[in-house]
Each structure stands twice: as C-alpha cells, then as structure tokens.
Amino acid sequence: MKADKTSRTAQYMALFRALETRLQAKDRLFSDPYAIHFLDAKLRIATRLSRYTFVRKYIENTIQQKVPGAFSSGIARTKYIDELLHKAISSGVKQVIILGAGFDTRGLRLDFLRSVPVIEIDHPNTSNFKIQTYKNRLGKIPDNIQFLQIDFNKQDLDQLATQHKIDFSLPTAVIWEGVTNYLTAAAVKSTFSFISKFAKGSHVIFTYVHKDILENPKSFLGGEKLLKDLNELEEQWTFGFTPDELSNYLNQFDIKLIEDLGADQYREKYLPNRTENGYEFYRTAIGVKQ
C-alpha cells in the first residue's frame, strides 16, 4: 500500500460485494448496501449500471480476464466467513475483532452482530477513510464498532491492546481476512501469538494463499499476471502456507484447525451454478483456541 492511499485491493473486494448486492434477493448470497460507498466514482457508476444484464456480463468478463476466479472466490468467501462467524457467535463468542478490516462492513450488515462489540484494527489510511465514509453516509460511527489503527509490519498488537484495554478474558472471534499474504513470517507468527491470548473457545477465521503461488506463480491460472499487477500497486504478496503444514503451525499457539477450504471448494459450496476457474491458491481456514 502506498503511504498516502487506501488499499486498492480492499476497494476491489468492496466492488465484488457491491455487485453481488445488485442482484435480485433470490439470486444473491448476501446484501452489503454499504460497499458501494467505498468505491471511486467510476466503480460506483459501473456497479449501478450492472442492473443491466449486458453491462453486468461485461464487468464480470473483464474481471475474469484480469484476475481469473477472483470475483466468485471473493463472493463465496464472504458468505463462508459470514456463516463461520454466525456459528462462533452462536457458540458463545462475546466480542469480534477484525484484523486488517479494510472495507469489511460485517459490524453493520449482519444482524446477529448488532449487540456484539466489534473492534476493527487496520492501517490508518484505510481506517480513516472508512470512518469518514460512515460519518458521511450514516451521520455517525456505528455504536457497536470501535476503530483502532496500526501498521501490522511496524507496530505491536500487544501494545495496542494494552493502550485500548482489549479484554482477553472474553471468548472472541478474530477475523483476519485478506491480510496474511501481505505480511512477513515474523508478523504472522506474532499475530497468531496475540490471538492465542484470548479465552478458551475463541475462534480465528483467516485467509491465506498457498505458498506455491509465491514460489511458482505459473502453476496457478492467472498467478503470474496477478503478482505482477500487485507489485505495480505496491501491494506485494510476501507470505503463504502449504495446507499440509497449517495444522501443526497452529498447534504451537494452542489453536486447533477445524476446517481449511480452498477457493474451488467454497465456490462449489455456495456458487455451484456460477462456474469460474482461477484463484484456487486462495484459502480460508478456521481454528479454535484450546
């Protein structure tokens, strides 16, 4: 991310959610009426015009050509994480922390979070833009959401937690979506160490990329072009796991891996009729603190 700008990839995810929201209620996986407000003028216009079938098809084809599989993967992943979070809340989780929140609007759009404290932690550029957008569109900051700011590669989450008196005794659901692939191995380890301090029964729902996309991008459809485009945006991917190492990795933090699905799997789960190839290197996992 450039020092004076918000994340471009965060805006693309907001675009995907905004496009999904424009579908008829019977056809969409979820509704995110706030996502469109995080888009620049051109993307807002494109989203509004997507109500016309031929325009939507053009938009979807353009995205598929540029980043194969990203759109359907992002939409299915959003729904998957929503459901995992709902299960966590139903099991007794009392607060939600969203690390690298981007333009995630779960604290607003999910009814089951209305009475749950939601703490969003993100880079100041993106966080400040989001706060201002909420003020402009809603007139205020949502009552259940607290915004904390940090640069994950430079600052300490433990210090942030102490400063803002985050309660580690509460069973907590930590969402860490779209972040690990931008960090160093040390930053990822430090963050899992932080997460492990929450009470037994806490959940961590996170995404990661298959390590092979970094080492051999040609082995995945669209991988080589994607990494080139990310470098040009100054949002390089720097870290990944291989699925077979993840369970042992989490064990060192007393976190038990419950499920780990690739994009092809959660697309098939939620979008069996929307066939789209690509983005198989992107994965979503959930673990529970023992």
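This report describes the overall form, the salt bridges and two local sites of a predicted model.

**Overall form**

The chain holds twelve helices and seven strands. Along the principal axes, its C-alpha atoms fill a box of roughly 50 × 45 × 40 Å. A compact globule of 290 residues would have a radius of gyration near 19 Å, and the 18 Å of this chain agrees with that. Buried residues account for 53% of the 290 residues. Of the contacts between residues at least 6 apart in sequence, 75% join residues at least 24 apart. The chain exposes about 13600 Å², of which carbon and sulfur atoms supply 49%.

**Salt bridges**

Side chains of opposite charge can pair when their charged atoms come close. The whole structure contains 19 salt bridges. The table lists some of them with the N to O distance.

| Acidic residue | Basic residue | N to O distance |
|---|---|---|
| Aspartate 27 | Lysine 26 | 3.3 Å |
| Aspartate 32 | Arginine 109 | 3.9 Å |
| Aspartate 143 | Lysine 140 | 3.4 Å |

In the pair of aspartate 32 and arginine 109, aspartate 32 lies in the loop between helix 1 (8-21) and helix 2, while arginine 109 lies in helix 5 (residues 106-109), so the pair ties together parts that are 77 residues apart in sequence. Aspartate 32 has a relative accessible area of 2% and is therefore buried, the cut-off being under 20%. Arginine 109 is also buried, at 12%. Both residues belong to a network of salt bridges that links Arg17, Asp32, Arg77, Asp82, Asp104, Arg106, Arg109 and Glu177.

The other two pairs in the table involve residues with these accessibilities. Lysine 26 is exposed at 72% relative accessibility, and aspartate 27 is partly exposed at 39%. Aspartate 143 is exposed at 71%, and lysine 140 is partly exposed at 44%.

**Glutamine 95**

Glutamine 95 lies in strand 1 (residues 95-99) and is buried, with 5% relative accessibility. Its side chain makes a polar contact of 3.0 Å with the side chain of threonine 172. Leaving aside residues up to four places away in sequence, glutamine 95 touches Val116, Pro117, Ile119, Ile166, Asp167, Leu170, Pro171, Thr172, Ala173 and Phe198.

**Nonpolar surface patch**

Ile45, Leu49, Tyr52 and Phe54 make a nonpolar surface patch of about 430 Å². Among these residues, leucine 49 is found in helix 2 (residues 41-49). Leucine 49 counts as partly exposed, at 36% relative accessibility.

Definitions and conventions: Residues are numbered from 1 along each chain as its sequence is written. This is a predicted model: local features need pLDDT of at least 70, side-chain atom pairs count only at pLDDT 80 or more; totals for chains, interfaces and linings use all residues. Side-chain values use heavy atoms; hydrogens and water are left out. Patches are made of residues with over 30% relative accessible area and no salt bridge: like charges are joined within 9 Å, nonpolar side chains (Val, Leu, Ile, Met, Phe, Trp, Tyr) within 5 Å. Accessible areas come from the Shrake-Rupley method with a 1.4 Å probe; for residues, only the protein chains shown count as cover. A salt bridge is a side-chain nitrogen of Lys or Arg within 4 Å of a carboxyl oxygen of Asp or Glu. Helices (H or I, at least four residues) and strands (E, at least two) are DSSP runs, numbered from the N terminus. Buried means under 20% relative accessible area, exposed over 50%, partly exposed in between (1.4 Å probe, protein chains only). A polar contact is a pair of N or O atoms within 3.5 Å; within protein, one must be able to donate a hydrogen and the other to accept it, and residues adjacent in sequence count only if both atoms are side-chain atoms. Contact means heavy atoms within 4.5 Å. The radius of gyration is taken over C-alpha atoms; the globule rule is 2.2 Å times the number of residues to the power 0.38.
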